[in-house]
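Dear colleague,

I am passing on the structure we spoke about, and my notes on it follow below. Please read them alongside the sequence and the coordinates.

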Amino acid sequence: MSERKIPGVHRYDQPAGGWGALKAVGEALAGQHTVLEGGRTLMRANKPEGFDCPGCAWPDPKHTSSFEFCENGAKAVAWEATSKRATPELISAHTLAELRTWSDHVIEDAGRLTHPLAYDAASDRYLPIAWDAAFERIAAALKALDHPDQAEFYASGRASNEAAFLYQLLGRRVGTNNFPDCSNMCHEPTSVGLPEQIGLGKGSVSLEDFDHADLILSFGHNPGTNHPRMMATLRDVARRGAPILVFNPLKERALERFASPQSPVQMATLSSTPIASAYYQVAVGGDVALVQGMMKAIVAWDALDHAFIAEHTTGFDALKAQLDGLDWASIEARSGLTRAGIEGAARTYAGANAVILCYGMGLTQHLNATFAVQQLVNLLLLRGNIGRPGAGICPLRGHSNVQGNRTVGIWEKPGAAFLDGMDRTFGFASPRAHGHTVVETIAAMERGEVRVFMGLGGNFAVAAPDPARTHAAMRKVGLTVHVATKLNRTHLLPGAESLVLPCLGRTEIDEQAGGRQAVTVEDSMSMVHASKGLNPPASPDLKSEVAIVCEIGKALFGATDPVDWDALSADYDRIRDLIEAVLPDTFAGYNDRIRVPGGFRLPLPTAERVWNTASGKAGLLPHPEDGHDLRRGDPDVLILTTLRSHDQYNTTVYGLDDRYRGVFGRRDVVFVHPDDLAARGVASGDRIDLVAAFDDGDGARAVRGFTAVARDIPRGCVAAYYPETNGLVALADHDRRSGTPAYKSVPVRLAPS
Ligand SMILES: Nc1nc2c(c(=O)[nH]1)N[C@H]1C(S)=C(S)[C@@H](COP(=O)(O)OP(=O)(O)OC[C@H]3O[C@@H](n4cnc5c(=O)[nH]c(N)nc54)[C@H](O)[C@@H]3O)O[C@H]1N2
Ligand SMILES: Nc1nc2c(c(=O)[nH]1)N[C@H]1C(S)=C(S)[C@@H](COP(=O)(O)OP(=O)(O)OC[C@H]3O[C@@H](n4cnc5c(=O)[nH]c(N)nc54)[C@H](O)[C@@H]3O)O[C@H]1N2
Ligand SMILES: [Mo]
């Protein structure tokens with residue numbers, strides 16, 4: 001590999017975690033001037049009487065007595081508990097045209113929003129507005145719609161169950177199912193693929209299952225950065241000697257070795273625990289072929305759980321026929337792995353009795369992602385690895401309450417049972433036609449059909465593909481409304497009118513007429529528990545997300561509305577009673593059960609081998625197409641996968657380092673195999689352009705002036721950071737089943753800049 005020195009790119013030889021992580025926590029707190037308050041705040045994250053960490057959706061250990069250290073949770077908390085303030089004076093000192101020239105990092109680093117703002121088109125500035133005037137404007141715009149589907153209600157998965165539930169009530173009372181949400185860009189293939197296959201679109205394991213597993217399969221996720229609290233679990237598994245097989249195109253440090261900052265011995269001796277027992281650098285998008293290869297092998301060896309297959313599944317013969325028909329040459333070419341390697345993984349799998357399969361965005365952000373996720377489930381089902389202790393499927397969710405949002409109705413394709421519950425509880429006829437996903441929302445914006453876009457959190461236009469088209473589409477909206485803790489680029493793309501409404505964060509005290517309120521959230525393993533902030537609000541003018549939705553409801557439906565919005569925002573127990581009324585089986589005893597420390601687990605039929613599918617069995621589902629060629633036969637085309645750095649939370653860029661990957665102070669790099677660089681006459685460290693390989697009428701999508709960095713990554717694959725590279729992702733390129741953009745299989749060409 002080239003030894004040429006590249007500014008800001010060094011080797012990082014330390015394990016993940018360790019002293020580097022402790023140092024980073026100190027820096028994150030100091031950088032946001034939260035040293036004292038932030039430190040105290042941290043001690044209360046994920047504690048029975050504290051708040052749910054806004055960082056990720058990994059569950060808390062059963063005994064929450066010890067403080068669970070997490071560097072990136074600390075950053076998320078410090079970012080929210082910052083002492084910096086984006087006051088109206090600061091924001092109105094600049095035109096939006098000026099603010100748009102700031103980087104995403106600088107825009108959010110202005111600090112916490114303190115006052116509601118309204119866009120003044122004449123001066124191109126955000127100016128302060130009174131809360132009541134803001135609510136009246138929103139109500140007026142919603143009343144003026146010709147059709148309810150002219151409104152879009154976006155949600156990012158940080159909102160509590162209570163806020164999300166009221167938000168969907170508001171939208172459905174308006175008359176639409178247009179609830180595009182971050183899940184549409186994230187785990188939608190899980191939400192579409194798993195119900196069809198096993199009857200529930202959620203993971204089947206609990207944290208305790210990790211104590212009983214004798215093998216972990218880890219596909220396409222980077223827990224050292226994105227689910228750091230999972231590292232404690234993986235370390236325990238590794239120390240017990242259970243193998244962990246990792247399938248990832250990049251050698252992610254935390255999956256190689258990890259030093260626990262909570263282990264005095266490891267900290268004192270600078271030692272670490274190896275995590276992966278074997279590391280398979282699968283080609284980007286090569287997972288389907290790899291899993292098919294593993295299944296082909298275990299079918300050939302007859303290493304199957306015949307009794308389980310007979311009793312619990314359908315479709316074995318069709319799947320077997322497909323696997324028998326696949327030739328190894330094609331499996332090797334598509335997966336980028338050798339037959340011997342794949343058979344080695346299959347042998348380890350066949351020798352294990354209780355297997356958990358974990359996966360993240362490396363699987364869900366492809367053109368065929370729903371089918372890909374279903375192949376993972378097939379692999380488990382062939383050996384009966386769902387619904388017994390120590391075994392099951394474990395999707396790593398994104399936002400800390402994205403799963404809960406879906407449970408309480410943030411879904412553009414709601415089930416009939418949920419809508420019947422809504423109708424029964426609220427005495428109205430909820431809309432039944434499916435609403436828009438994120439990608440469909442952008443299309444509706446482009447057609448000029450969106451008159452009101454509301455965002456309950458998130459950074460819609462930056463998270464989505466193809467900023468050139470998406471940003472232009474946003475500008476065609478009539479009224480944009482953003483409920484947010486911090487300013488971001490989406491807010492700087494106003495429609496004809498625009499409002500920014502500042503809200504409380506998770507870490508803050510939520511005082512309402514009925515006293516201090518707790519909200520509830522659901523983690524990746526279907527545990528629901530309460531979250532209570534403890535910091536004073538960043539500004540006296542903030543409202544809770546619940547209160548904001550209630551005020552809009554009141555302004556829209558009037559004082560005589562049968563829904564008593566004031567009563568709901570006064571006491572969130574009443575909201576939980578309504579959720580229980582709509583979903584009595586799921587949330588029986590809701591208010592009582594969240595008062596038990598640790599909360600409660602929602603019913604998980606798959607864990608009991610109850611399959612709520614059409615056939616009543618789990619489906620072994622063959623992949624319907626034989627991997628289409630993303631390169632369209634052109635060897636010049638590289639497949640780009642877009643990633644999170646260690647110093648970011650989605651579109652929120654905390655800082656410019658990506659410590660474990662050895663990148664410091666910059667994000668404009670692309671990781672490339674040295675031979676792919678050589679083939680293009682490019683040296684590691686050269687400035688290059690990435691251009692979308694196929695235009696397809698989308699316009700010239702390109703990012704320019706990046707620096708090529710030689711890396712150990714499979715040939716033909718390149719990797720770079722999101723959101724800087726979203727300009728390369730075509731809106732048309734999304735999973736046909738779920739609508740999830742193919743952020744992790746983007747055909748590009750690389751050329752000297
Ligand atoms: N600190 C922090 N925590 C977060 C987030 C954050 O941005 N920062 N985001 C939150 C959200 S919303 C989400 S969805 C999760 C995301 O968590 P992850 O799923 O871990 O997210 P990514 O960074 O997108 O990383 C995906 C991993 O997949 C690998 N990969 C890429 N392409 C492929 C492929 O084709 N096949 C395979 N097998 N692997 C591939 C990459 O090398 C990378 O290691 O994290 C959540 N938690
Ligand atoms: N290329 C590429 N694109 C991707 C991805 C990828 O891997 N590659 N990943 C996709 C995924 S998995 C996801 S989930 C999406 C993320 O899409 P979003 O969820 O829309 O984006 P975030 O960056 O998480 O949103 C950040 C904003 O949320 C607001 N915020 C923070 N905390 C709160 C709060 O408590 N309340 C409220 N109301 N607002 C708050 C702040 O204003 C902040 O600016 O991006 C997707 N886009
Ligand atoms: Mo996500």
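**A buried histidine, two cores and a helix pair**

His 482 counts as buried because its relative accessibility is 4%, where buried means under 20% relative accessible area, exposed over 50% and partly exposed in between (1.4 Å probe, protein chains only). This is a predicted model, in which local features need pLDDT of at least 70 and side-chain atom pairs count only at pLDDT 80 or more, while totals for chains, interfaces and linings use all residues. Residues are numbered from 1 along each chain as its sequence is written, chains are lettered from A and ligands numbered from 1 in the order in which they are written, and side-chain values use heavy atoms, with hydrogens and water left out.

His 482 lies in strand E16 (residues 479-484); helices (H or I, at least four residues) and strands (E, at least two) are DSSP runs, numbered from the N terminus. Leaving aside neighbours within four places in sequence, the contacts of His 482 include Phe 453, Met 474, His 491 and Leu 501, contact meaning heavy atoms within 4.5 Å.

The largest nonpolar core (buried Ala, Val, Leu, Ile, Met, Phe, Trp, Tyr and Cys residues joined through side-chain atoms within 4.5 Å) has 64 residues, of which Leu 142, Phe 165 and Leu 166 touch the most other members. Helix H8 (residues 161-174) gives the most to this core, with 8 residues. A second, separate core has 51 residues, among them Phe 219, Met 294, Tyr 349 and Ile 386.

With best regards
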